[in-house]
Amino acid sequence: NAEYMGIRGNAGVCVAIMRPASDDFLYDLEKAQRLSKSILADVRERDKLKANGESTARISAALRGQLSQLDGDVRYLQKQIDNANANPSAYRITEKELQRRSDLIQSLANERRNLEDMVRSGATTSSSRNELLGANEDRRYKGRETEQTRNMTGRDLLTQQTHLMTEQDDHLESLGGTVQNLKQIGTNINDELDLHVSLLSDMDDDVDRTRLHLDRNQSKLKGVMKKSSNMAMIFTIVVLIVVIIVLLLL
């Protein structure tokens, strides 16, 4: 059996990968590693757009959401390792394999921190727009005057509009990041539910095995009690026969 699941690829494009039925940890680790590579590719794409003077607001918001998702994946993987360390026999994992997986998670956590630094280093997304507007700073805007703009020059108006657009970009980026964060929270809740379902399923299997052992032991106990009862009856009969013989002889 296998499940298909999507992760966010370059610039927010979803990529489908197949989930094997065995070892959820290895699948979750591969998914997180793919996401890490996707974030790195998106960072490079953002830098390329910035170098070409194009807007990077959308891809920057997507990057923040992807970082949040990667952080949740790392924490989820670490929780699996903690559970395995707490009960190794239930997970059937050797200490050597647990250590190897812990090292992989630590490496992935370091990658996430490096990616976060890379994303933050290019947080400004409106420079290209500022340069574009600056090239037209002598353009005069025609419209109805207000008290706020009556005494402003063309350069002052341009500066004000640039500032307003920059604020709008920031708000849009913040909104996009919030949406991505909400999506990640929902994904984390779903992953947490899957983990608890798996643990409950394992517990149910253990209860079934215990019940089966109890039934077998009860059957054996009944057999022993039945045999003991038969032996006691035979012994009583023998004793009575001996008593009768003794009485007859007397």
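A nonpolar surface patch, as the term is used here, is made of residues with over 30% relative accessible area and no salt bridge, their nonpolar side chains being joined within 5 Å. One such patch, of about 1000 Å², appears in this structure, which is a predicted model. Welcome to a chain of 250 residues whose secondary structure comes to six helices and two strands. Here is a short tour, topic by topic.

**Overall layout**

- Read along the sequence, the two kinds of element follow the pattern β-β-α-α-α-α-α-α.
- Buried residues account for 28% of the chain.
- The chain exposes about 17600 Å², and carbon and sulfur atoms supply 57% of that area.
- If you take the contacts between residues at least 6 apart in sequence, 68% of them join residues at least 24 apart.

**The nonpolar core**

- In soluble globular proteins, nonpolar side chains tend to be buried together.
- Here, the largest nonpolar core has 20 residues, and those with the most contacts inside it are Phe25, Ile39, Leu70, Val74, Leu77, Ile105 and Leu108.
- Three helices each supply at least two residues of this core: H1 (24-51), H2 (57-86) and H4 (95-121).
- Helix H2 gives the most to this core, with seven residues.
- Phe25 is a good place to start looking: leaving aside neighbours within four places in sequence, Phe25 is in contact with Leu77, Gln80, Ile81, Arg101 and Ile105.

**The nonpolar surface patch**

- The patch of about 1000 Å² is made by Met231, Ile234, Phe235, Val238, Val239, Val242, Val243, Val246, Leu247 and Leu250.
- Leu250, one of these residues, is found in the segment after H6.
- Leu250 has a relative accessible area of 83%, so it counts as exposed, the cut-off being over 50%.

**Helix H6 and Leu175**

- Helix H6 covers residues 154-249, and Leu175 lies in it.
- Leu175 is at 53% relative accessibility and therefore counts as exposed.
- Although Leu175 and Ala61 are 114 residues apart along the chain, their C-alpha atoms are separated by 8.1 Å.

**Salt bridges**

- A search of the whole structure finds eleven salt bridges.
- One of them pairs Arg34 with Glu30, with the closest N and O atoms 3.1 Å apart.
- Arg34 and Glu30 are four residues apart in helix H1, so about one helical turn separates them.
- Both partners are partly exposed: Arg34 is at 36% relative accessibility, and Glu30 has a relative accessible area of 37%.
- Another salt bridge brings together the side chains of Arg112 and Asp71, at 3.6 Å from N to O.
- This pair links distant parts of the chain, with Arg112 in helix H4 and Asp71 in helix H2, 41 residues apart.
- Arg112 is buried because its relative accessible area is 15%, where buried means under 20%.
- Asp71, at 25% relative accessibility, counts as partly exposed.
- Arg112 also forms a salt bridge with Glu116, where the closest N and O atoms are 3.2 Å apart.
- Because Glu116 and Arg112 are four residues apart in helix H4, they are separated by about one helical turn.
- Salt bridges with shared partners join Asp71, Arg75, Arg112, Glu116 and Arg120 into one network.

Methods:
Residues numbered from 1 in each chain as written. Predicted model: local features only at pLDDT ≥ 70, side-chain atom pairs only at ≥ 80, totals over all residues. Heavy atoms only, no water. Buried < 20%, exposed > 50% of the residue type's maximum accessible area, 1.4 Å probe, protein only. Core = buried A, V, L, I, M, F, W, Y, C linked by side-chain atoms within 4.5 Å. Contact = heavy atoms within 4.5 Å. Patch = residues over 30% accessible without salt bridge, like charges linked within 9 Å, V, L, I, M, F, W, Y side chains within 5 Å. Areas by Shrake-Rupley, 256 points an atom, 1.4 Å probe, with all protein chains shown as cover. Salt bridge = Lys/Arg side-chain N within 4 Å of Asp/Glu carboxyl O.
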